[in-house]
Amino acid sequence: MQFSPARRILAPFLISVLLLVTACGQTQTESRWDKAQQESTQKPAKAKQTTADKSSASNQNLPKKAVAGGKLNKYFPSSGGGFDRVFAQEKSGFAEAKLNKGGKNVAVLSINDIAGNPNAGAKFKQSTKQISGYPAVNQGANGTAVLVANRYQVKVQSRTTSFTASDREAWLSKFNLGGLARLK
C-alpha cells in the first residue's frame, strides 16, 4: 500500500493539530474552594466616604494605605516574666499576638493601623488618661488601648479575670511605642 506524498504529510499534521487542540483547549472549572480562596485574597471594596469623613482624614494627614502587618511585629513586647508572646495573625495594617501564661491564653495584644479609617481615632480625643505619653481609653470591661501618632491603635484585651486593667496598662507600656510613632 503506497500513500501519496500529500497523505503522508497530511496525516501527521492532522494528528498534531488534534493533540494541540485537545491539550490546550481544556479549561479547568473552578471548585468552590478555588472561588473562596480568590475572594478571600482580593482587596475589599472601599466604602464611599462622606464629606465629613474626607475632612477629618485630611485634618489628620493619614495616608490612604496601611503598613504591612509584618512591619508591626517588631514593636510588640518580648516574652518574659513567665509570659509567652505568640504571634497569631498578621494582615495589611494589623498584627496580633496572644499572651500566654502557663500554657493558657491570658490576653491578646494587637496593633491596628487606622490609616484607612480616620474615625477610629475619634474616641481618643476626649481621653484624659495617658500611658507612656499617649492618649488611652478603656474599651469595655476587658480592653485598654492607646493611640500612637494619631495613626496606630495599640490594644491589650484580657482573656481571663486574673489579667486586670493594671496588667493591661503595664503591657501597653512594654510596647515600643516610640519606635511605632516613627513608622511611616
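Here's a quick tour of one helix and some ring contacts in this structure. Keep in mind that the model is predicted. It holds four aromatic pairs, and helix 1 lies largely in the open.

**Helix 1**
- Helix 1 covers residues 5-24, and at 1.5 Å a residue its 20 residues should span 28 Å.
- The end C-alpha atoms of helix 1 are 29 Å apart, which agrees with that expected span.
- None of the 20 residues in helix 1 is buried, so the helix sits largely in the open.

**Aromatic pairs**
- A pair of aromatic rings is described by two things: the distance of the centres and the angle of the planes.
- Among the four pairs is the one between Phe76 and Phe175, which is tilted, at 5.3 Å centre to centre with 50° between the planes.
- That pair links distant parts of the chain, 99 residues apart: Phe76 is in the loop between helix 3 and strand 1, and Phe175 is in the loop between helix 4 and helix 5.
- Phe76 and Phe175 are both buried, and ring pairs link them with Phe87 into a cluster.
- Phe83 and Trp171 have ring centres 5.3 Å apart and planes at 75°, so their pair is edge-to-face.
- This pair also connects distant parts of the chain, with Phe83 in strand 1 and Trp171 in helix 4, 88 residues apart.
- Phe83 counts as buried at 15% relative accessibility, and Trp171 is buried at 4%.

**Charges over rings**
- Trp171 has another partner: the charged end of Lys174 sits over its ring, 3.9 Å from the centre.
- The charged end of Lys91 sits over the ring of Phe94, 5.8 Å from its centre.

Key: Residues are numbered from 1 along each chain as its sequence is written. This is a predicted model: local features need pLDDT of at least 70, side-chain atom pairs count only at pLDDT 80 or more; totals for chains, interfaces and linings use all residues. Side-chain values use heavy atoms; hydrogens and water are left out. Helices (H or I, at least four residues) and strands (E, at least two) are DSSP runs, numbered from the N terminus. The expected span of a helix is 1.5 Å times one less than its number of residues. Buried means under 20% relative accessible area, exposed over 50%, partly exposed in between (1.4 Å probe, protein chains only). Rings of Phe, Tyr and Trp (its six-membered ring) pair if their centres lie within 6.5 Å; planes under 30 degrees apart count as stacked, over 60 as edge-to-face and the rest as tilted. A charge sits over a ring if NZ of Lys or CZ of Arg is within 6 Å of the ring centre and within 35 degrees of the ring normal.
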